[in-house]
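Reader: I am new to this structure and should be grateful for a close look at a single part, followed by its surroundings.

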Amino acid sequence: MNRTTLSLIAGATALAAVTGFAAVSAPDAGSATERTGAAATLPVERTGLLCPRPSTSELAETTYTSFTPVTRGAEGEGTAALRSAAEQSAPDDVTGKGEQDEKDGEQADDGEQDEKDAGEGDKDAEDGKGSAKGGKGGTADKPVLQLREPGKPVTEDASGADAPALIGTADGRFASGWTAQQTTEVAAGTGRGLQGVACTAADTQFWFPGASTDDSRTDYVHLTNPDDSAAVVDIELYGKNGALKTTVGEGITVKPRSAEPVLLSTLTDEKQTDVTVHVVVRSGRVGAAVQALDDELGGDWLPASADPSGSLVMPGIPKDATAVRLIAFTPGDSDVDLKVRLASPSGMITPAGYETLHVKGGMTAGFDLGDLTRGEAGSLVLTASDGSVPVVAAVRVLRGKEGKQETAFIPAARPVETRATALDNTAKGTTLSVTSPEGTAQIKVTASAGTEGGTPATKTYTIKSGTTQDVEAPVPAGVKGTYALTVEPQGGATVYASRTLSSTEGGVPFFTVQPLPDDRGMVAVPDASEDLSVLQR
């Protein structure tokens with residue numbers, strides 16, 4: 001085996017440890033690659049994404065969207081397809097199905113899928129669409145959603161509780177930067193509002209500060225297993241006084257290529273306003289997301305927080321937020337004081353009365369920060385007084401007036417290192433927020449062609465040090481349908497970003513916020529002429 005092959009295997013192995021799986025191949029002599037020092041930066045050639053089941057409400061209207069940006073060096077053939085996950089027949093004491101049906105009469109029963117659903121509604125794969133219905137017996141033969149070409153998103157709609165969890169893979173020219181999103185509107189009932197979540201790669205550990213077991217909340221942990229063998233998962237819950245006593249949170253089995261929602265209130269008898277959920281995979285790997293639904297305040301998805309760290313950023317708090325609540329947790333036994341700053345359009349400020357917040361070790365802490373942004377875009381920046389004490393955090397954001405409020409969550413985000421993409425955008429309903437906490441940065445934003453037509457457009461921006469900017473994102477010329485927005489740093493300091501989708505229904509400000517972590521679509525591979533010892537440093 002020659003040195004080039006060894007180098008590429010080592011690089012792919014490192015990426016696989018982060019994203020679940022990945023593959024690259026040796027570059028041809030004439031192929032286009034970017035070089036950083038001794039490393040060639042190559043597009044990933046295989047990746048996977050998992051999307052949780054969107055809703056159990058019969059009133060839900062869901063749009064799945066898939067997109068791959070055009071990537072220099074990504075050539076040849078390939079596919080990117082999302083298929084229905086099998087529905088797992090989990091007992092009611094874990095899913096809480098009976099409890100939820102009683103609480104909200106408009107919810108659908110988990111087991112009402114007919115086996116024929118797997119074959120219903122199929123469309124030609126050339127249209128990029130298939131059946132958006134799940135099946136108890138396994139995945140549908142045809143994809144729910146399949147890309148036709150890089151640079152143009154495709155969508156598929158689904159109604160009611162039949163919309164399935166999805167399992168997907170992409171390879172070849174479709175793999176690098178592949179992104180998928182599901183956006184659901186629920187007109188009424190528990191969790192009514194706009195709920196959006198980006199599909200994610202499988203992993204073995206997740207932190208979710210911001211969940212709840214309160215009587216007004218119906219929170220689920222959605223687990224999706226992409227593999228051909230079962231996964232075994234533990235769910236740990238931490239409240240204001242430490243670990244909560246759980247009954248069936250250990251050793252939850254998720255069957256192969258299937259999805260399972262776990263209702264948090266079935267895992268413990270303790271009622272807590274703020275709960276941190278820790279998902280640990282004993283065997284295999286899963287995708288995980290928390291769906292947080294409130295009886296009065298709507299609901300949204302709570303994505304996983306960035307890994308525990310002494311420095312955290314929650315980007316893109318809407319400027320018209322009427323209430324912001326911070327939930328923080330430190331996994332160790334040590335207490336920590338958090339320095340709180342707000343990156344505003346004019347610079348970094350310290351919110352009066354919230355200069356420092358104390359978090360006890362192993363206990364979840366919640367802090368009401370009020371109308372923190374006061375009519376301006378903002379991002380919350382937390383710094384541990386002792387940088388060696390790691391923290392996870394998220395904010396719950398409310399918009400609207402009492403009686404007509406809606407909820408969204410913004411967890412601590414990973415930075416945009418090379419590229420990140422947000423889907424389902426429209427010219428009037430999209431806000432793109434970018435922050436650069438330490439130093440000035442330059443970014444490029446590209447709006448793709450629309451799902452039904454249009455010409456891509458690009459703009460560049462400067463984000464000043466310590467600020468958050470709601471940038472006036474480009475809109476494709478002659479756009480029809482929705483489009484993707486791709487953010488690419490062009491130099492300077494580290495940036496974080498989020499995207500908000502919003503609409504108004506019956507006087508209620510429906511909205512959902514998605515952080516934009518790096519898509520990890522590129523991998524640095526050591527030059528074939530370099531010694532492999534660089535991989536061991």
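In which loop is T418 found?

Author: The model discussed here is predicted. T418 is found in the loop that lies between strand β29 (406-411) and strand β30 (420-425). Its relative accessibility is 43%, and T418 therefore counts as partly exposed. Away from its own stretch of sequence, with residues up to four places away not counted, T418 touches V487, E488, P489, D518 and M522. One of these contacts can be given as a distance: T418 and P489 are 71 residues apart in sequence, yet their C-alpha atoms are 6.2 Å apart in space.

A second loop residue may be set beside this one. N225 is found in the loop between β13 (217-224) and β14 (231-239). Whereas T418 is partly exposed, N225 has a relative accessible area of 0% and is therefore buried, the cut-off for that term being under 20%. The side chain of N225 reaches the backbone oxygen of V254 at a distance of 3.2 Å. V254 is also among the residues that N225 touches, again leaving out those up to four places away in sequence; the others are I167, A230, A231, K255, P256, R257, S258, R285 and V286.

Two of these contacts lead further into the model. The first is V254, which belongs to a core of 26 residues that also includes V233, L267 and F409. This core is separate from the largest nonpolar core, which has 31 residues. Within the largest core, the members that touch the most other members are M314, I317, L326, L338, L380, L382 and V395. Strand β23 (residues 336-344) gives the most to the largest core, namely four residues. As for M314, its contacts beyond four places in sequence are L326, S379, L380, L382, A393, A394, V395, I410, P411 and A412.

The second contact is I167, which is the bridge partner, in β9, of R83. Strand β9 (residues 166-171) pairs with strand β3 (residues 46-51) in the antiparallel sense, over six bridges. Within that pairing, C51 has L166 as its bridge partner in β9. Strand β5 (residues 80-84) also runs antiparallel to β9, and five bridges join the two. Besides the bridge between R83 and I167, L82 stands opposite G168 in β9. These strands form part of an open sheet of four strands, in the order β3-β9-β5-β7, with antiparallel pairing. β3 and β7 (145-146) are the edge strands, each pairing on one side only.

Strand β3 leads in turn to an empty space inside the model. A search of the whole structure finds five cavities of 30 Å³ or more. The second largest of them has a volume of about 50 Å³. Its lining consists of L50, C51, P52, V197, A198, T200, H222, T224, G287, A288 and A289. C51, already named as the bridge partner of L166, is thus one of the lining residues. The elements that give two or more residues to this lining are β3, β11 (193-198), β13 and β19 (287-294). Of these, β19 gives the most, with three residues. The presence of β13 on that list returns the account to N225, whose loop lies between β13 and β14.

Notes:
Residues numbered from 1 in each chain as written. Predicted model: local features only at pLDDT ≥ 70, side-chain atom pairs only at ≥ 80, totals over all residues. Heavy atoms only, no water. Core = buried A, V, L, I, M, F, W, Y, C linked by side-chain atoms within 4.5 Å. Buried < 20%, exposed > 50% of the residue type's maximum accessible area, 1.4 Å probe, protein only. Contact = heavy atoms within 4.5 Å. Polar contact = N/O pair within 3.5 Å; in protein donor to acceptor, adjacent residues only side chain to side chain. Pairing = 2+ DSSP bridges. 1 Å grid on protein atoms, 1.4 Å probe; cavity = no way out; pocket = protein on both sides within 12 Å on 5 of 7 lines; lining within 4 Å. Points joined across faces, edges and corners; volume = space filled by probe spheres on them.
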